[in-house]
Amino acid sequence: LRPMALIETEEAARRLARAIASDLSLYNEEKIMEGITKDTLFTVLAEELEEGRALFKSRVSPDLFQKNFYDRAVIDILVRSKGHVQSKMW
């Protein structure tokens with residue numbers, strides 16, 4: 001087995017970040033709802049978010065990792081998509 005080549009384009013890095021964030025959203029819906037409601041999202045999902053970050057970092061070139069695509073995808077997919085949930089955050 002050859003190791004996978006690192007992602008070198010911004011578009012592919014964004015896609016990967018969004019795919020990881022989408023998986024987090026899909027498999028952690030209950031935790032996300034609780035975290036948004038209680039304003040503890042980044043605490044209740046700390047382990048999952050860190051696993052996602054490590055996966056993203058392992059697949060993209062270091063300069064792309066520095067561009068925060070992963071964090072932006074997490075905010076877009078896990079937070080913004082839940083704007084209808086009652087929360088102190090908004």
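The protein chain has six helices and zero strands, where helices (H or I, at least four residues) and strands (E, at least two) are DSSP runs numbered from the N terminus. Read along the sequence, that gives the pattern α-α-α-α-α-α. A quick word on what you're looking at: this is a predicted model, in which local features need pLDDT of at least 70 and side-chain atom pairs count only at pLDDT 80 or more, while totals for chains, interfaces and linings use all residues. Residues are numbered from 1 along each chain as its sequence is written, and side-chain values use heavy atoms, with hydrogens and water left out.

**The whole chain**

The C-alpha trace spans about 45 × 25 × 20 Å along its principal axes. Of the 90 residues in the protein chain, 37% are buried; buried means under 20% relative accessible area, exposed over 50%, and partly exposed in between (1.4 Å probe, protein chains only). About 6,000 Å² of the chain is exposed, and carbon and sulfur atoms supply 54% of that. These areas come from the Shrake-Rupley method with a 1.4 Å probe, and for residues only the protein chains shown count as cover.

Now for contacts, meaning heavy atoms within 4.5 Å. Take those between residues at least 6 apart in sequence: 71% of them join residues at least 24 apart.

How far apart are the mean positions of the 14 positive and 15 negative charges? They are 4 Å apart. Lys and Arg count as positive and Asp and Glu as negative, leaving out His and the chain ends, and each charge is placed at NZ of Lys, CZ of Arg, CG of Asp or CD of Glu.

**Helix α6 and the aromatic rings**

Which residues of α6 are buried? They are F69, Y70, A73, V74, I77, L78 and V79. The buried residues of α6 pack against α1 (10–27), α2, α3, α4 and α5.

Y70 also turns up in an aromatic cluster, together with F56 and F65. A search of the whole structure finds two aromatic pairs. Rings of Phe, Tyr and Trp (its six-membered ring) pair if their centres lie within 6.5 Å; planes under 30 degrees apart count as stacked, over 60 as edge-to-face and the rest as tilted. The rings of F56 and F65 have centres 6.2 Å apart and planes at 40°, so this pair is tilted. F56 and Y70, on the other hand, are stacked, at 6.1 Å centre to centre with 25° between the planes. That second pair links distant parts of the chain: F56 sits in helix α4 (residues 46–59) and Y70 in helix α6 (residues 69–79), 14 residues apart. F56 is buried at 0% relative accessibility, and F65 counts as buried at 18%.

**Three loop residues**

Here are three residues that sit in loops.

| Residue | Loop | Relative accessibility |
|---|---|---|
| D39 | between α2 (29–37) and α3 (41–44) | 40%, partly exposed |
| S61 | between α4 and α5 | 4%, buried |
| N68 | between α5 (62–65) and α6 | 41%, partly exposed |

Most residues other than glycine have a negative phi. D39 has a positive one, near 55°. N68 isn't a glycine either, and its phi is positive too, at about 60°.

What is S61 in contact with, leaving aside its neighbours within four places in sequence? Its partners are L6, I7 and E8.
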